[in-house]
Amino acid sequence: MRVLLLGGTTEANRMAQALHAAKIDAVYSYAGRTRHPVRQPIPTRTGGFGGINGLRAYLASERITHVIDATHPFAAGMSRNAIAACEGPLCALERPAWQIEETWIRVPDIETAASALPDRAARVFLAIGKQHIGLFADRPHHYLLRLVDPPAEPLPLPRANVIIAKGPFDYATDLALLRDHGIEVIVSKNSGSEGARAKLDAARTLNLPVIMIDRPAIPARTVFATQTEVMRWLTHSADRGV
């Protein structure tokens with residue numbers, strides 16, 4: 001057995017520890033968007049594969065027998081490529097989505113989230129990372145961004161404050177953050193996880209609206225919620241001689 005772990009999340013880090021503890025031959029793949037990724041107990045690689053064909057070639061050349069997709073719920077491109085490229089066993093380690101609350105405005109994608117913001121200028125906590133922030137550039141708002149790494153290039157947003165910080169974050173910190181910056185509305189992806197939940201709990205306390213972006217659709221696949229379930233799946237595959 002040789003496992004490819006598609007990572008970059010807390011769940012993937014825990015999965016890497018479980019694989020290492022079980023002495024399973026595995027390699028951890030980072031997308032490469034974070035400058036200083038977490039050190040892992042198993043070998044790592046960084047960067048893309050070159051699409052479906054590139055991933056398929058990697059799986060063959062590295063003699064990968066099993067793939068665990070533990071990427072971010074919004075890394076839909078990588079997940080779709082993995083489904084298309086894998087001929088052997090594939091599973092996803094996926095954190096549960098947050099349950100929608102009454103004060104949330106649910107939207108299907110990031111483009112719709114930008115349109116859902118008020119017409120008047122407002123102070124917005126744009127909690128979606130930096131990849132798609134350009135979609136909000138033509139809106140009249142003042143944005144607060146919280147990023148893992150300092151931007152390498154000027155941001156496309158004309159009015160923005162940037163905080164460099166890495167989660168998980170706690171309720172008291174996020175409550176103070178929203179108050180100190182006078183935030184009036186939050187835009188968030190429904191990424192799940194307790195480490196990113198604090199801003200939503202703080203928003204409830206302050207009675208702030210939250211524009212919540214639905215997860216992108218992923219084709220059907222085997223999905224688990226815990227690394228224990230994934231380890232059981234791997235063991236079962238090994239028992240069957242896969």
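Among contacts in the chain between residues at least 6 apart in sequence, what percentage join residues at least 24 apart? In this predicted model, the share of such contacts that join residues at least 24 apart is 61%.

**Figure 1. Overview of the predicted chain, with its seven helices and twelve strands.** The radius of gyration of the chain is 19 Å, close to the 18 Å that the globule rule gives for 242 residues, so the chain is as compact as a globular protein of that length. Taken along the principal axes, the box filled by the C-alpha atoms is roughly 60 × 30 × 30 Å. Of the 242 residues, 43% are buried, and the chain exposes about 12300 Å², of which carbon and sulfur atoms supply 51%. The chain carries 28 positive and 23 negative charges, and the mean positions of these two sets lie 4 Å apart.

**Figure 2. Close-up of the salt bridge between Asp69 and Arg221.** In this pair the N to O distance is 2.8 Å, and the two residues belong to distant parts of the chain, 152 residues apart, with Asp69 in strand S4 (residues 66-69) and Arg221 in the loop between strand S11 (210-213) and strand S12 (222-224). Asp69 has a relative accessible area of 2% and is buried, whereas Arg221, with a relative accessible area of 22%, is partly exposed. Both residues take part in a network of salt bridges that also links Glu94 and Arg215. The count of salt bridges in the chain comes to 13.

**Figure 3. Close-up of the salt bridge between Glu101 and Arg197.** The closest N and O atoms of the two side chains are 2.5 Å apart. This pair, too, links distant parts of the chain, since Glu101 sits in the loop between strand S5 (90-93) and strand S6 (104-107) while Arg197 sits in the loop between strand S10 (185-189) and helix H6 (198-206), 96 residues apart. Arg197 is buried, because its relative accessible area of 13% falls under the 20% cut-off.

**Figure 4. Close-up of the salt bridge between Glu184 and Arg120.** Here the closest N and O atoms are 3.2 Å apart, and the partners come from distant parts of the chain, 64 residues apart: Glu184 from the loop between helix H5 (171-180) and S10, and Arg120 from the loop between helix H4 (110-116) and strand S7 (123-127). Glu184 is partly exposed, at 31% relative accessibility, and Arg120 is likewise partly exposed, with a relative accessible area of 48%.

**Figure 5. Close-up of helix H6, its buried residues and the elements that cover them.** The residues of H6 that are buried are Ala198, Lys199, Leu200, Ala202 and Ala203, and the elements covering these buried residues include S6, S7, H5, S10 and S11. The helix is followed by Asn207, which has a positive phi near 60°, a value found here in a residue other than glycine. Asn207 lies in the loop between H6 and S11 and, at 60% relative accessibility, counts as exposed.

**Figure 6. Close-up of Val38 and its contacts in the loop between strand S2 (25-30) and strand S3 (44-46).** Val38 counts as partly exposed, at 37% relative accessibility. When neighbours within four places in sequence are left aside, the residues in contact with Val38 are Asn13, Tyr30 and Lys166. Of these, Asn13 is 25 residues from Val38 in sequence, and the two C-alpha atoms are 8.0 Å apart in space.

**Figure 7. Close-ups of two backbone features, the cis peptide bond from Gly167 to Pro168 and the positive phi of Lys23.** The peptide bond from Gly167 to Pro168 has an omega near 5°, and Pro168 is placed in the loop between strand S9 (160-164) and H5. Lys23 is not a glycine, although its phi is positive, at about 60°; this residue is in the loop between helix H1 (10-21) and S2 and counts as exposed, with 76% relative accessibility.

**Figure 8. Close-up of Ala220, in the loop between S11 and S12.** At 80% relative accessibility, Ala220 counts as exposed. The C-alpha atom of Ala220 is separated by 41 Å from that of Ala176, and these two residues are 44 residues apart along the chain.

Note on methods. Residues are numbered from 1 along each chain as its sequence is written. This is a predicted model: local features need pLDDT of at least 70, side-chain atom pairs count only at pLDDT 80 or more; totals for chains, interfaces and linings use all residues. Side-chain values use heavy atoms; hydrogens and water are left out. Helices (H or I, at least four residues) and strands (E, at least two) are DSSP runs, numbered from the N terminus. The radius of gyration is taken over C-alpha atoms; the globule rule is 2.2 Å times the number of residues to the power 0.38. Buried means under 20% relative accessible area, exposed over 50%, partly exposed in between (1.4 Å probe, protein chains only). Contact means heavy atoms within 4.5 Å. Accessible areas come from the Shrake-Rupley method with a 1.4 Å probe; for residues, only the protein chains shown count as cover. Lys and Arg count as positive and Asp and Glu as negative; His and the chain ends are not counted. The place of a charge is taken as NZ of Lys, CZ of Arg, CG of Asp or CD of Glu. A salt bridge is a side-chain nitrogen of Lys or Arg within 4 Å of a carboxyl oxygen of Asp or Glu.
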